Structure formats: structure tokens, C-alpha cells
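Student: I would like a close look at a single part of this model, the interface, with the salt bridges and the strands and helices that bear on it. Please keep the definitions explicit as you go.

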Amino acid sequence: MEIPEGLRYTAEDEWLRLEGDSGEATIGISDYAQDQLGDIVFVELPPVGRVLRKGEAFGVVESVKAVSDLNAPAGGEVIARNDALESASELVNSSPYADGWMIRIRLTDPAEVDALMDAATYRKQLPEVQ
Amino acid sequence: MSDTDPNAPLLVLPLHDRHAAAGARFAPFSGWDMPLQYTGIVQEHEAVRTHAGIFDVTHMGRVALRGARAGEVIRSITTADVTTLKPGQAHYSLYCNEGGGIDDDVFVYCLAADHWLIVHNAGNATADAARVAAAVEGATDVTMRDLGEATVMLAVQGPAAAAAIRTVLGFDLEGVPVRGCREMEWNDSRLIFGRTGYTGEDGGEVIVDLERGAALWDAFLAAGVTPVGLGARDTLRLEAALPLHGHEITPETNPFDAGLGWAVSLDDGAPFTGRDALVRLKAEPRTRRLACVRLAERGVLRAEYVVHDPAKPETPAVGMLTSGAFSPTLQAGIGMAYLPPALTEPGTPLAVDIRGRNVPAEVVRRPFYKRAG
């Protein structure tokens, strides 16, 4: 189970990566999340320009067996989205932290990021993986 | 639906450890702790479509009947005229209730004139066995034996299944007719083989006694067959548009609406449970038919999604999906739904409500997937 240092995590298994000091952040789902979902066959993402509140459902990821909401780890305006996932949603399985990223936002309140878990805390709260 | 007590402890497959060793993730299904997937649903699905997969279907109910009149007993509780089966033949049939609704769908195997086998869905196995037992009780010289706890049942499916069966069981699949069956010796024991399955591929289902189950599983794996879980079993059967009890067919749906009229024999005049209702239902005009629905945009269909007629967007829903999935073969969302007959012609545009948005879809010919040859 890969849980990279330097990223921040939610209890719903999203990750957020601050892009330097730009006030921008990239969001995706964790290796644990993709593993639990299984083969991901559809990803629905919000349009660029939409403003998300922290915790807001911003999209949907569907595997063969389940539908799961994507929740914003922090509030912000969507400034980019990974359109490659439209035709290659399996990138979320094969590369959850890189090619399988979902959206980039301009943070409304960078302090919201401080409330997210670091890698060690996130790992600790995961159920035992079989 | 299911007669399973949700609070009862899950039943454990005799080959549970084999599945765990093969990397299975388990999930409850019809009271059993079943392998949901091993390496991944899509990969396993593709293994069956392109090579061969093996499924542990020991959870399914199976009862054997012996006696010269066993066929007649089965006929008295099922819709198809199984008395025309010759030894070595098998047939799909239904248990209907007095209202003509489908209590279960079953496969009836005539192994010998006086030796028959019926395979039931796991969720209905207890009720089905009771139904057979009651029918046997009224007959003379017919006995029933529940094979559920005494045997293991494995299904081997896919274009390479024939080669694996030749290697493991030592006979030529082509020598068994489609939907044929045979009883044979294997490792000093009896083995029942049926050229049947639930994937749309060629192959067979094998019943062997408990002690030899693991050896049979190991032999098929050694022959290069991929373990496949319930997840892919569902996507495979849906692509083949095979009904699943509790979804497409239930005690409230009748065989004619479901497109299963071919499994109902009324012409022989023989009485069976539900016959009167089925005679009446058959004569009535259909108000709905089971249809295959394919999403026109990328996405996934799921059971219970609501279907609209895009020509009449303001009118109420015209149906609801009984099953839905993402088809790995078609790379599209697929599902089945009961729709007004006027909307069941292939090419008819539909709209499926996915999270509040009406997504374009259309009716396609049944099945979604048909193997070549």
C-alpha cells in the first residue's frame, strides 16, 4: 500500500498535494481507495471554474462493483481537471498519485489543509488490509 | 428472492483455503462467504472471454432424484417438459408459483432414465429442496438426495475450456452435446459433468465428491485456467443477457415478460405448479418485456436506475433496470429493464436517470455478447 509522504489525506481516502507556495493544490484518491474500489471504469469531474466548499461532493468514481463520491479535502476553485480519465479511468488504479490525479484547485483558505491528515496518521487509521 | 437469514453465520466453501491462497477477496452472497474477485473483476472477465476461467459454484443447491418416475416428479414442479429428455441431456426450467411468478430458475440434468439432477440458486436452495422433497413424497419409488454438503461444484468456462477439460478430465468436450451431461469415473469416484454454464462461453460444470474437490480445482489451475469470482460472474452473465433470480426474474415476474416462454411447455397438457396462471398469462397481451439497454455515453448502469422515454420526457418513468454493469467487452454501460413492448425494438432511444441526469441510451439486440461459432 503506497501512502506517499508530503501529501495530505482525508478520512474518505482523498489526497491533496500543495503545489509549492502557489496556493494551488492537486486532488485525487489514495492507493487504498482505488484498491478497495477495484477496477475503476468511470470518473465524473466538475467543470473548470466551479467553486467547491470543503467536504463538498465534487464528482463520482465508479468501479465495476461500486459508486463512490469524491469529496473536496479543502475548498477552492477548480482550475484544471484530468480529462484523460474520461477515456482512461484505469489510470486511477495504476497511478493514483500521478497520472490518476483528478482536479487542481486554487485554495480558498490554505489553513483548511492543516486540518488534513499526514501520511503517518492516515496510514494508522486504515483498516488492516487483507 | 432469497430465503437466507441475514443474521446467520456465513457458510464457508469447502475450498475456502484454496481461494484465499489464490488471492481471493470474499463477500457475502446468499448466505455464503464467496470469492468476489482474485486479481480483479475486469481481468478475470477477460480471462473467461479470451481463455478460460474456473468458478467455485458449490454454493448452488443440487439435489439428485432416483427412480423410474423421477422425471415425472420433476415435471410436476417445473415449467419445461423434462420428460422428453433422454439420458445425457439437460434443460433449463423454472419453478413457478400458483400466480405464474418465478420462484427460481433451475437446470435439470437427465443422467439416466432413473437418475436425475436439479441445480438450484443458492439463495433459494433451502426452499427449492423442500419443494422437491414434497413432490417426491407424493410419488412412489422416487428418492431424493441433497448433494449440497457432499459435493463440490466447479464451472470451467471460456474458449480454452475444452482443452483444459481434455487435460484434466480426459474427454473431448465436443463429444458431449451442448446442454448435454454425463456421469463418469474420475480418480476412483463418480463425477457429473454438464456442458452448461452462466457466462455465454462454451465449457462445463462439474460436480465431484467433497474429498476430490481440491484436487479437481488444483488440476484445472495447473492446466492454466484462471480463478474467477462472483464479480466477473455477474458481468459475464449480464453480457450474455442471462437472467439472475432476484433481479430479472422474481416471484412477481412471469416467464413470458422475461422472454423465457421457451422454457414453459403447456402443449403436453401435463399438470405442474403454476400451469393455470401461465396459460392465462400467455394468452394475455404483453404489457412489458425484458429488454437489453446500452448506454450511449461512457458510464456505468446499475440495478434500480430509472428509465425514461426521451420522446416523452414529461411522462413518468417507463421502467427500471433489473441489473446493470460496465461491460468490459463492449466498454459500455449495459443493463436490462422491463419496458413497454413498443419501446423494446433494437435501436429505440431511451434515457436513464443517473444521479439526476437523463443520460442517452438505447435498446440493443439480446444478448449483448454472443460468442463466435
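Tutor: What follows starts at the interface and then moves to the elements behind it.

This is a predicted model, in which local features need pLDDT of at least 70 and side-chain atom pairs count only at pLDDT 80 or more, whereas totals for chains, interfaces and linings use all residues. Residues are numbered from 1 along each chain as its sequence is written, chains are lettered from A and ligands numbered from 1 in the order in which they are written, and side-chain values use heavy atoms, with hydrogens and water left out.

Chain B and chain A each bring 16 residues to the contact, where contact means heavy atoms within 4.5 Å. The size of an interface is often given as the accessible area lost when the parts come together. Here the buried area, which is the accessible area (1.4 Å probe) that the two parts lose on being put together, summed over both, is about 1,400 Å², and carbon and sulfur atoms give 46% of it. On the side of chain B, the three residues B:Arg25, B:Arg298 and B:Arg355 supply 43% of the area buried against chain A, more than any other three residues.

Four salt bridges are counted between chain B and chain A, a salt bridge being a side-chain nitrogen of Lys or Arg within 4 Å of a carboxyl oxygen of Asp or Glu. B:Arg25 forms a salt bridge with A:Asp35, with the closest N and O atoms 2.6 Å apart. The interface also holds 11 residue pairs in polar contact, both residues at pLDDT 80 or more; a polar contact is a pair of N or O atoms within 3.5 Å, where within protein one must be able to donate a hydrogen and the other to accept it, and residues adjacent in sequence count only if both atoms are side-chain atoms. S3 and H2 of chain B each supply at least two residues of the side that touches chain A, and H2(B) gives the largest share of that side, three residues. In these names, helices (H or I, at least four residues) and strands (E, at least two) are DSSP runs, numbered from the N terminus.

A second salt bridge joins the side chains of A:Glu62 and B:Arg302 at 2.7 Å, N to O. This pair crosses between chains, from strand S6 of chain A to the loop between strand S15 (289-295) and strand S16 (306-308) of chain B. Both A:Glu62 and B:Arg302 are buried, which means under 20% relative accessible area, with exposed over 50% and partly exposed in between (1.4 Å probe, protein chains only). A network of salt bridges links A:Glu44, A:Glu62, B:Arg302 and B:Arg355.

The strand that holds A:Glu62 belongs to an open, antiparallel sheet of three strands, in the order S4-S6-S7 of chain A. Strand S4 (40-44) and strand S7 (67-71) stand at its edges with a single partner strand each, so one side of each is left without a neighbour in the sheet. Neighbouring strands are turned by 25° against each other on average, direction ignored; axes are lines fitted to C-alpha atoms, for helices over the stretch in contact, and angles run from 0 to 180 degrees between N-to-C directions. S4(A) and strand S6 (residues 57-63) run antiparallel and are joined by four bridges, where two strands pair if DSSP finds at least two bridges between them. A:Glu44, a member of the salt-bridge network, has A:Val60 as its bridge partner in S6(A).

Within chain B, helix H2 also takes part in a salt bridge, between B:Arg49 and B:Glu201, with the closest N and O atoms 2.9 Å apart. B:Arg49 lies in H2 and B:Glu201 in the loop between strand S12 (189-194) and strand S13 (203-209), so the pair ties together parts that are 152 residues apart in sequence. B:Arg49 counts as buried at 10% relative accessibility, and B:Glu201 likewise at 11%.

S3 and H2 of chain B, which contribute to the side that touches chain A, are also among the elements that cover the buried residues of H7(B), together with others including strand S17 (319-327) and strand S18 (332-339). Nine of the 10 residues of helix H7 (residues 230-239) are buried, so this helix is largely enclosed by the rest of the structure. Among its buried residues are B:Arg233, B:Arg237 and B:Glu239. Just after H7(B), B:Ala241 takes a positive phi of about 55°.
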